Amino acid sequence: MDELSLTARVDKAALTNLSTGFRWASAVSLFFLLMMTFSFRIDKTDIMDGYFDHFFLLTIVNSFIFIFGAKFLSIPFFQQHWKLASISYAGVFSTCWAAIISLISIGGDYYDAADILSDIMLMIVLLGFFSYRPAFYAGIIPILLVSTVISFLSSKNSFILPTEKFIAACLVVESGRRILYRWFSNNIEKDHENKRLMKKLSDMASRDQLTDINNRRFFEYELDKQFQHTKRTQGELGLVMIDIDHFKSYNDELGHVEGDKCLRKVAAIIQKSLKRHTDSVSRYGGEEFVVLLPNTDIAGTIEVVKRIQTNLANAAMLHPDSSTSEWVTVSQGIAQWRQHVGPESLLKEADNYLYLAKKAGRNQFLYSTA
């Protein structure tokens, strides 16, 4: 699972949503520009004739801006600074349309058309830019200001209707943004919670409940994964089978409650002895543990094994009935990847050397010197 915090997940989703919104808004804008250019060119009233060259030049400039805006958030540099980039483009996008709306209303005396166009653009900004509030405001303000000015100019010195229209527009776009963003953020939160629960269930399925380290299921999956990686890269892989010496007599003497405490302490000591996050220890069964050491040669594996011995000796856990030592000790068998046929053969080799270490007197480790 992707280990993103909720805030990071919301930011990531906002970037994706904005990227889609910018593409959509830019595509719609290009369509409107084409449609308006065609309409003004064939208009027989000649109202726009004196301003058509200005309109056409503005259309060409804006088209290049919209084409760039459709793709710019896919550029790595802008993705890294997406918040500032999105605010900048939203402001430019809105300013482009504010300029066109102004030209239409002034040059063609098309106040009604300019008013309708400004309302359409406000809705486009609302739907496309709502996921990031600063970008949304940057996209709304220029269009809204121009629309308000046009309303005042066309109202013949009446201030009531333009003021009411401005207030209504502010209420509509802001309430719309809040509704859309609440829907957006709720979906992200639900997805985040679902992934968190899935990870928790996955962790529970791969953890040993007694010792709180990895269980055998995790080990079998990890062994196969690391084995295939080692085989593919021709790297190194160390595996250590560990068994607590005379654990049955420890249980018989002190009881299972103390035996469980001993297992937890030994598991914690082994875990502490592993220095890299790629190294893992799992409870294999009963009093047996298995350590997996990716990208580790035989010298590195032996170093880890000795560290386990040292840390266990320093813990000085008293064993009341051991023929090997007065303290709790472990026997260890080491296997190192040498073109093994499969992960089972690697595990079998470690198990064989563990058996030989126990047979040789316990409290030691053995491995192949070939």
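1. In this predicted model, the buried residues of helix 7 are Pro162, Ala169, Val173, Glu174, Gly176, Arg177, Phe184, Ser185, Ile188, His192 and Ser206. As for the length of this helix, its 47 residues should span 69 Å at 1.5 Å a residue, and the C-alpha atoms at its two ends are 68 Å apart, which agrees with that expectation.

2. Helix 7 also contributes to the largest nonpolar core, together with helix 1 (6-42), helix 2 (52-71), helix 4 (82-107), helix 5 (111-129) and helix 6 (133-154), each of these elements giving two or more residues to it. This core has 51 residues, and those with the most contacts inside it are Met36, Phe93, Trp97, Ile100, Leu117 and Phe129. Nonpolar side chains tend to be buried together in soluble globular proteins.

3. Trp97 deserves a look of its own in the viewer. When its neighbours within four places in sequence are left aside, Trp97 is in contact with Ser29, Phe32, Leu33, Met36, Phe66, Leu117, Met121 and Ile143. A second core, separate from the one just described, is made of 27 residues, including Ile242, Cys262, Val281 and Val291.

4. The next point concerns the strands. There is an open sheet of five strands, arranged in the order 2-3-1-4-5 with mixed pairing; strand 2 and strand 5 (365-366) are its edge strands, each pairing on one side only. Strand 1 (residues 237-244) and strand 4 (residues 330-336) run antiparallel and are joined by seven bridges, and within this pairing the bridge partner of Met241 is Gly333 in strand 4.

5. What lies across strand 1, strand 2, strand 3 (288-294), strand 4 and strand 5? The element in question is helix 12 (residues 343-359), which runs at about 145 degrees to strand 4.

6. Turning to charged side chains, the count of salt bridges comes to 17. Side chains of opposite charge can pair when their charged atoms come close. One of these pairs is Asp208 with Arg283, whose closest N and O atoms are 3.4 Å apart. The pair links distant parts of the chain, since Asp208 is in the loop between helix 7 (160-206) and helix 8 (216-233), while Arg283 is in strand 2 (residues 280-285), 75 residues apart. Both Asp208 and Arg283 are buried.

7. A salt bridge within a helix is formed by Glu222 and Lys225, with the closest N and O atoms 3.4 Å apart. Because the two residues are three residues apart in helix 8, Glu222 and Lys225 are separated by about one helical turn. Are these partners buried or exposed? Glu222 has 9% relative accessibility and therefore counts as buried, the cut-off being under 20%, whereas Lys225 is partly exposed, with a relative accessible area of 40%.

8. Lys261 and Glu258 also form a salt bridge, and here the closest N and O atoms are 3.4 Å apart. Both residues lie in helix 10 (residues 256-273), where a spacing of three residues amounts to about one turn of the helix. Lys261 is partly exposed at a relative accessible area of 35%, and Glu258, at 31% relative accessibility, counts as partly exposed as well.

9. A last remark on charge concerns a group of three residues, for Asp115, Asp119 and Lys165 are linked in a network of salt bridges.

Terms used. Residues numbered from 1 in each chain as written. Predicted model: local features only at pLDDT ≥ 70, side-chain atom pairs only at ≥ 80, totals over all residues. Heavy atoms only, no water. Salt bridge = Lys/Arg side-chain N within 4 Å of Asp/Glu carboxyl O. Helix = DSSP H or I, 4+ residues; strand = E, 2+ residues; numbered from the N terminus. Buried < 20%, exposed > 50% of the residue type's maximum accessible area, 1.4 Å probe, protein only. Pairing = 2+ DSSP bridges. Contact = heavy atoms within 4.5 Å. Axes fitted to C-alpha atoms, helices over the stretch in contact; angles between N-to-C directions. Core = buried A, V, L, I, M, F, W, Y, C linked by side-chain atoms within 4.5 Å. Expected span 1.5 Å × (residues − 1).
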